[in-house]
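Visitor: Could you take me through one strand of this model and its surroundings, and then set that strand within the chain as a whole?

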Amino acid sequence: QVQLVESGGDVVQPGGSLRLSCTASGSPISNYAMGWYRQAPGKERELVAAITKFGDWANVEDFVKGRFTISRDNAKNMVYLQMNNLEPEDTAVYYCAAGWYTGSDYNPRSWGQGTQVTVSS
């Protein structure tokens with residue numbers, strides 16, 4: 001069973017940038033497609049981006065496309081979410097997930113505890 005720990009969340013002004021990191025242990029992340037989700041207060045958890053086991057393909061949801069990038073380093077057992085041009089609407093708890101793809105659909109199996117991102121002036 002893989003364990004996931006997110007880091008990098010912070011308070012940032014609109015237009016700023018953050019890079020979230022997800023550190024995995026217990027199992028090589030090369031066994032998993034990896035994803036980032038977020039959950040804002042009063043809203044359901046939603047997929048932000050996901051990437052295949054070896055990083056050959058990734059999808060980024062339309063509401064962050066062009067601003068967020070997902071990447072992975074299997075040698076370091078880490079996954080990243082680069083977030084640029086942040087908006088107040090990006091405020092949420094961000095979760096790392098390990099899972100798999102069924103066709104183009106990402107299926108999370110294991111979760112981290114989340115890291116808070118707050119975008120505010």
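Guide: What follows is a close look at strand S8, its partners and the loops beside it, and then at the chain.

This is a predicted model, in which local features need pLDDT of at least 70 and side-chain atom pairs count only at pLDDT 80 or more, while totals for chains, interfaces and linings use all residues. Residues are numbered from 1 along each chain as its sequence is written, and side-chain values use heavy atoms, with hydrogens and water left out.

Strand S8 spans residues 78-83 and is mostly covered, five of its six residues being buried. Buried here means under 20% relative accessible area, exposed means over 50%, and partly exposed lies in between, with a 1.4 Å probe and protein chains only. Strands are DSSP runs of E with at least two residues, helices are runs of H or I with at least four, and both are numbered from the N terminus.

S8 pairs with strand S3 (residues 18-25), to which it is joined by six bridges in an antiparallel arrangement; two strands pair if DSSP finds at least two bridges between them. In this pairing, Ser21 stands opposite Tyr80 of S8. Strand S7 (residues 68-73) also runs antiparallel to S8, and six bridges join these two strands. Here Ile70 stands opposite Leu81 of S8.

S7 and S8 form a hairpin with four residues between them. Asn77 lies in the loop between these two strands, and its phi is positive, at about 60°, although Asn77 is not a glycine. As a general background, most residues other than glycine have a negative phi. Asn77 is also buried, with a relative accessible area of 15%.

Beyond S8, the loop that leads to strand S9 (92-102) holds Asn85. Asn85 is likewise a residue other than glycine with a positive phi, in this case near 50°, but Asn85 counts as partly exposed, at 45% relative accessibility.

A further asparagine, Asn107, lies in strand S10 (residues 105-111) and is partly exposed, with a relative accessible area of 23%. Leaving aside residues up to four places away in sequence, Asn107 touches Gly99, Trp100, Tyr101 and Thr102, where contact means heavy atoms within 4.5 Å. The C-alpha atoms of Asn107 and Gly35 are separated by 8.9 Å, although these residues are 72 residues apart along the chain.

As for the chain, its secondary structure comes to zero helices and 11 strands. The radius of gyration is 13 Å, close to the 14 Å that the globule rule gives for 121 residues, so the chain is as compact as a globular protein of that length; this radius is taken over C-alpha atoms, and the rule is 2.2 Å times the number of residues to the power 0.38. Taken along the principal axes, the C-alpha atoms fill a box of roughly 40 × 25 × 25 Å.

Of the 121 residues, 46% count as buried. Among contacts with a separation of 6 or more, residues 24 or more positions apart account for 55%. The chain exposes about 6,100 Å², of which carbon and sulfur atoms supply 47%, with areas computed by the Shrake-Rupley method with a 1.4 Å probe and, for residues, only the protein chains shown counting as cover.
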